[in-house]
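Subject: Handing over the structure

Hi there,

Here is the structure I promised to send your way. Have a look at it first, and then read on for what turned up.

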Amino acid sequence: MKRQMRPAAISFRCKSLLASAAILGLMTSAAVLTGTGSARAADQIIVGLVTKTDVNPYFVKLRQAAAAEAKVKGVKLIARAGKFDGDNEGQVSAMESLISAGAKGIMVTPSNSSGVLNIVKEARAKGIIVIALDTATDPADAVDATFATDNFQAGVQQGQYARAALAGKTPKLAMLDGTPGGTVDTFRHNGFLKGIGIAEGDPAIVGKQDTNGQQDKGQTGMENLLSAHPDINVVYTINEPAAEGAYAAIRAAGKTKSIVLTSIDGGCLGVKYVAAGKIAATVMQFPKKMAQQGLDAIVDYAKTGKKPTGFIDTGSYIITGTPLPGVTAKDVAFGEKNCWG
Amino acid sequence: MSTTISAPPSDVKPKRGFGSILQTLARPPIGSLIVLIAFCVIFSIVTNTFLAPSNLSLVVQQSVIVGTLAIGETLVILTAGIDLANGSIAVLGTIIAGRLVNDGYDALGCLVLAIVVCTLVGVVSGTLVSRLKLPPFIVTLGLLGIVTAATRLISQGGAFPVTDDLLSWTGNVFTLGTTPVTYGMVIMLGLYALIWYILTQTAWGRQVYAIGNSPSAARLVGIPVGRRILSVYTFAALLYGLGAWLALGRIPNADPNALQTANLDSITAVVIGGTSLFGGRGNIWGTLIGTLIVGVLRNGLTLVGIDPLWQDLVTGVLVIAAVALDQLSRWRRM
Amino acid sequence: MTAMTSLIMETRGIVKRYGHVTALGGVDFELRDGEVLAVIGDNGAGKSTLVKVLSGAINPDEGEVLLDGQAIHFSSPLDARIRGIETVYQELAVAPALDIASNLYLGRELRRAGPLGRWLRMLDKPKMKREAQRHMDELKFRLPGITHAVEDLSGGQRQGVAVARAAVFARKLVIMDEPTAALGVRETGQVLDLIKAIRDRGLPVILISHNMPNVFEVADRIHVMRLGRRVALTDPKSHSMADVVAIMTGAMPGTDPVPEA
């Protein structure tokens, strides 16, 4: 990187269009060099993958796992994504182009569980097998099969750990949610409340903030919540970036000792935060497994005509450095070995 | 005939009643200052935590990134332009610095390189706007896409935690009495003071106003309009680069997903601050006040326990009100 | 040449062609010191092309331009300005939101003396205000106040600011290209008064205008253009308004050689 950027620095004084073109060119070439190549021979089984976004490391890992598996199986993987979390329209057009491309099967992680129903129906009518990864559709049988974490159950695990960690103290709960209306977000949120044993609307929930799963918004939200309610003692976060933001706010307020910070996702960064004691526990899920199993199922169908059905839970585990009695958990070493991204 | 040109009082348009109130409110930053004070009064009455020094410090800390990007945005809007790419340019800066430092390069060099690259993006947009006369909206919309894609390709979907002291220095805190202050806050306020000086006390600043106010007049009196516009976009992008440094201090993690709404947030701050989207009118302190209004709303509504979505709603109302006020006072002037 | 007063600006045989169209077919031109010279002509007579040559906006294909008797070549309007020639356009060259003093010094701002100006590039606002007021007083141009925004002024006063700017910075002469075309009668009067005030300061003025009564009110001499040539160089005393219009339209022969058909 460093090498490629240098010439751009030299041309700083040039004011001509040429210079701007060169800079644009450099940026693009830098981008292309670091990018991954794709596209190979024809006459292969084509498998499509549509993820929520191209930037979330979770989906990047999922895509990479699918690409690796595709290589093993000798099939061609075409990966597409929405522009941002919640980009239903982008996912639909991605699926449309995959149908035109002649995909045998499509794996999709729906941004919204009902956002892609029509196009899924259209694809299946053309004999394409559609598998939901990570997020179930609503209704779940709109797709042929779902390979996913049971996010509600994962949320329950997170909530159970939080309850155990409070050890009988009255909860003062702050919730750093993801995106309003997101399917996974809602499952995790509701699962957490079930696990900790608090009903929605209970005054024990002292405040909620939407973070879009982003660190900066997690930090800002937590800072403001702590300013309003210095007595918060337990925090739910939608994912580890939001938890990292929350941790920065908690540390700045000097409350790392009195607050139980929990998260969910299982990214390698998240496991690091757990190892460092920033997050008490996180619930890990397994996107690689989803991608591998989903792709295998499609290849199997293409070769034998056998279709998978129903919901296949790829599992979730609590990862913590401080295991608590009555809560099943794995240690940090397991987390480091199995984390994604 | 007398050789004296008489200037009867009727030559100066009367300013009375509603019109004069309107003119006063429309003169930045008076209207926005009133709004800011009103919100502060309301929140200090209905909560007992709002006025705590630590809480007020928080509001400013949370405004540092958007507040800095909004300075550059103000410069661009004063020339009757718009910059949709400022947030993405800052993110590019954080990713370049974050990734290279992660790869083991010298932090100071990486930071300087990141800021230089950000500035170069401004050279590109400024050149396209001033030489090819392309509309700023389209140029910066295109750059938003290009820079975002470049950022994501460079980051490879990952984020880079920042552990380097220099990169995260702007987030360090010292206390002023009982008030925690970050170096980032000081830098941001310093930049506001600097830009105030440049805009109001130098020929460059006055010419920037003139270009936005009447580009043809600026050209006729011999101002090198193209060069000034290029320098505005370049300087604004340098500020975005500094914004990247402040972002790394505030959130010590270079994340390609960060600051996705920063461009619109900064335009919001500029508009609420009373700077006219038609160019040539505005005040840099108004932009700071506009940024703080959004920060105070976000913080205050959380303190009160009101759903944060109301913040977006109120902000939207303020944006429309600010633009309407500007438009109304324009009609009165015509 | 035995002119009573010296010639400030002069052209000899200026030719300017655009493709097959000859805009100027060998124009002679002279401007005396301290006079208001009106340049008139029908549409297409070559007035604006001539003005562009004089103000440095275009270069002639043939012929020469002399300033103070020296042949010169303008590379741009800026070049002409550097040589002391200021031009006022029909289009208002003022920034409405800026105050009068700022507009007067727009593009030529004064910096403070000493390190504040040299290193911090700080504007000398008090001096600009003071000087602006002094110039306005000298031109007997009364304004509501030097710190008022130009948009608070009437149209005539706004154009007056642009005219005053030309008067302040011109060292040789001022060119005014239809300065009153967009103004009403009373507002036009204000600008004409300013033109007289500039002449009284000793600066020669070239006034391009369509408006005969205006021309006859302020001009000392009249340069009549027709079909890309000067057909007459006269003055309001020797020819009536009707005569001048007749020369302009070709109904009456001019004093200079008649252009070949």
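A residue is called buried here if 20 or more other C-beta atoms lie within 10 Å of its own. Please keep in mind as you read that this is a predicted model.

With that cut-off in hand, chain A is a good place to begin. In strand β6 of chain A (residues 173–177), 5 of the 5 residues are buried, so the strand is largely enclosed by the rest of the structure. In a regular strand, side chains alternate between the two faces of the sheet. From β6(A), L173(A), M175(A) and D177(A) point one way, while A174(A) and L176(A) point the other way. The partner of β6(A) is strand β7 of chain A (residues 205–210); the two run parallel and are joined by 5 bridges. Opposite L176(A), in β7(A), stands Q209(A).

Stepping back to the whole of chain A, you will find 12 helices and 12 strands. The chain has 341 residues, and 56% of them are buried. Of the contacts in chain A with a separation of 6 or more, 72% are between residues 24 or more positions apart. The domain assignment splits chain A into domain 1 (2–34), domain 2 (46–149 + 287–308) and domain 3 (151–285 + 318–338). The C-alpha centres of domains 2 and 3 of chain A are 29 Å apart. Their contact involves 9 residues from domain 2 of chain A and 11 residues from domain 3 of chain A. On the domain 2 side of that contact in chain A, there are 3 nonpolar residues, 5 polar and 1 charged.

Now for how the chains meet. Of the 2 pairs of chains that touch, A and B have the most contacts. Chains A and C do not touch, and 21 Å lies between their nearest C-alpha atoms. Between chains B and C, 27 residues of chain B are in contact with 34 residues of chain C. On the chain B side of this contact, α8 (203–213) and α9 (215–220) of chain B are the elements that give two or more residues. The most comes from α8(B), with 6 residues. By class, the chain B side that touches chain C holds 11 nonpolar, 11 polar and 5 charged residues.

Chain B also has a helix that you may like to check by its length. Helix α6 of chain B (residues 136–155) has 20 residues and should span 28 Å at 1.5 Å a residue; its end C-alpha atoms are 27 Å apart, which agrees. Its buried residues include P136(B), V139(B), T140(B), L143(B) and V147(B), and R152(B) is also one of them. Right after α6(B) comes Q156(B), with a positive phi of about 55 degrees.

The same check works in chain C. Helix α7 of chain C (residues 185–200) has 16 residues, for which 1.5 Å a residue gives an expected span of 22 Å; the end C-alpha atoms are 23 Å apart, which agrees. Among the buried residues of α7(C) are T188(C), V191(C), L192(C), D193(C), I195(C) and I198(C). What do the buried residues of α7(C) pack against? They pack against β3 (36–41), α6 (155–169), β7 (173–177), β8 (205–208) and α8 (212–218) of chain C. After α7(C) comes G202(C), with a positive phi near 100 degrees.

Chain C is assigned two stretches of its own: domain 1 (7–97 + 152–249) and domain 2 (99–148). Their C-alpha centres are separated by 27 Å. In chain C, 14 residues from domain 1 and 13 residues from domain 2 make up the contact. On the domain 1 side, α6 and α7 of chain C each supply at least two residues, and α6(C) gives the most, with 8 residues. That side is made up of 10 nonpolar, 2 polar and 2 charged residues.

Last, the core. Nonpolar side chains tend to be buried together in soluble globular proteins. Here the largest nonpolar core has 276 residues, and I131(A), A97(B), I293(B), L173(C), V174(C) and I206(C) touch the most other members. Helix α10 of chain B (residues 225–250) provides the largest share of this core, 15 residues. Beyond its neighbours within four places in sequence, I206(C) is in contact with L31(C), L37(C), V39(C), L54(C), L173(C), I175(C) and M176(C).

Best wishes

Key
Residues numbered from 1 in each chain as written. Chains lettered and ligands numbered in written order. Predicted model: local features only at pLDDT ≥ 70, side-chain atom pairs only at ≥ 80, totals over all residues. Core = buried A, V, L, I, M, F, W, Y, C linked by C-beta atoms within 7 Å. Buried ≥ 20, exposed ≤ 12 C-beta atoms within 10 Å, placed from the backbone. Helix = DSSP H or I, 4+ residues; strand = E, 2+ residues; numbered from the N terminus. Contact = placed C-beta atoms within 7 Å. Expected span 1.5 Å × (residues − 1). Domains from an automatic or database assignment. Nonpolar A, V, L, I, M, F, W, Y, C, P; charged D, E, K, R; others polar. Pairing = 2+ DSSP bridges.
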